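Here is a friendly walk through one protein model, moving from single residues out to the whole fold. Please keep the sequence and the 3D view at hand while you read.

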Amino acid sequence: MSERVFIGLGGNQGDSAAILRSAAEAIAELPRTRLVAVSGSYRTPAWGGVEQPDYLNAVLELDTALPPGVLLHELLDIERRHGRDRQAEARWGPRTLDCDILLYGQRRIDAEGLQVPHPRMAERAFVLVPLAELAPDLTVPGQGALMALLAALPQQPIERIAEGGAHVRQ
């Protein structure tokens with residue numbers, strides 16, 4: 001059975017726009033997975049107090065029959081293929097690519113290395129804004145309506161810099 005899944009992408013090292021496009025293409029090639037839609041790209045300041053360039057962020061909507069742990073493993077492999085070394089980087093430091101499972105259907109998952117819904121998504125405009133672009137009527141398990149979460153978010157700098165991909169739902 002297929003699940004509706006949302007993946008957050010981000011990066012601030014190298015040609016971030018090309019890296020996000022390449023990551024979306026790699027995710028679309030995963031077995032038992034169909035890329036449904038790609039949000040626009042958004043530029044946001046980095047989090048965490050580490051001096052670094054702004055991030056480019058986007059959200060993907062998928063239909064996938066991959067179990068959550070398998071999907072996470074595949075996403076981590078895509079990060080590695082795009083130059084990310086999680087062992088060598090500082091927390092909230094610069095990175096070529098970050099792939100996060102934001103939502104996996106209506107499931108709540110609390111496992112080693114994987115929490116869904118993503119634990120800090122309701123605090124971040126760079127997640128909520130592109131997610132609302134794709135699914136404004138979404139309800140985040142345990143947190144409520146996406147648009148209510150977005151309305152409650154303190155003002156954060158975010159700039160849309162590119163259009164998203166067309167919905168490819170069939």
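Let us begin in a loop: P53 sits between β3 and β4. Helices and strands here are DSSP runs, H or I over at least four residues for a helix and E over at least two for a strand, numbered from the N terminus. With a relative accessible area of 41%, P53 is partly exposed; buried means under 20%, exposed over 50%, and partly exposed in between, using a 1.4 Å probe and protein chains only. Leaving aside neighbours within four places in sequence, P53 is in contact with N12, Q13 and A46, where contact means heavy atoms within 4.5 Å. One of these partners, Q13, is 40 residues away along the chain, yet the C-alpha atoms of P53 and Q13 are separated by 7.8 Å.

A word on the source: this is a predicted model, in which local features need pLDDT of at least 70 and side-chain atom pairs count only at pLDDT 80 or more, while totals for chains, interfaces and linings use all residues. Residues are numbered from 1 along each chain as its sequence is written, and side-chain values use heavy atoms, with hydrogens and water left out.

**Other loop residues**

P157 belongs to the loop between α4 and β10 (159-162). This proline is exposed, at 56% relative accessible area. Not counting residues up to four places away in sequence, P157 touches T44 and P45. V70, by contrast, is 87 residues from P157 in sequence and 34 Å from it in space, C-alpha to C-alpha.

Two more loops hold some backbone geometry worth a look. Most residues other than glycine have a negative phi, and most peptide bonds are trans. R32, in the loop between α1 and β2, has a positive phi near 55 degrees. R32 counts as exposed, at 56% relative accessibility. In the loop between β7 and α3 lies P117, and the peptide bond joining V116 to P117 is cis, with omega about -5 degrees.

**Inside: helix α3**

Which residues of α3 are buried? They are A125, F126, V127, L128, P130, L131, A132 and L134. Since eight of its 10 residues are buried, α3 is largely enclosed by the rest of the structure. The cover over these buried residues includes β1, β2 (33-38), β3 (41-44), β4, β5 and α4 (146-152).

L131 is a good residue to follow within α3 (residues 125-134). Its relative accessible area is 0%, so L131 is buried. Beyond its neighbours within four places in sequence, L131 is in contact with F6, V59, L103, M121, L138 and L146. G8 lies 123 residues from L131 along the chain, with 8.5 Å between their C-alpha atoms.

Here are the four residues met so far whose relative accessible area has been given.

| Residue | Relative accessible area |
|---|---|
| L131 | 0%, buried |
| P53 | 41%, partly exposed |
| R32 | 56%, exposed |
| P157 | 56%, exposed |

**The nonpolar cores**

In soluble globular proteins, nonpolar side chains tend to be buried together. A nonpolar core is defined here as a set of buried Ala, Val, Leu, Ile, Met, Phe, Trp, Tyr and Cys residues joined through side-chain atoms within 4.5 Å. The largest has 26 residues, and I7, L9, I27, L60, L71 and I101 have the most contacts inside it. Two or more residues of this core come from each of β1 (3-11), α1 (16-28), β4 (55-64), α2 (68-81), β5 (98-104) and β7 (114-116). The biggest share, six residues, is from α1. L71 is in contact with V5, I7, L30, T64, L66, I101 and Y104, leaving aside its neighbours within four places in sequence. A second, separate core has 20 residues, among them F126, L146, L149 and L153.

**The whole chain**

How many helices and strands does the protein chain have? There are four helices and 10 strands, and from the N terminus on they run β-α-β-β-β-α-β-β-β-α-β-β-α-β. Of the 170 residues, 48% are buried. Among contacts with a separation of 6 or more, 72% are between residues 24 or more positions apart. The C-alpha trace spans about 40 × 35 × 35 Å along its principal axes.
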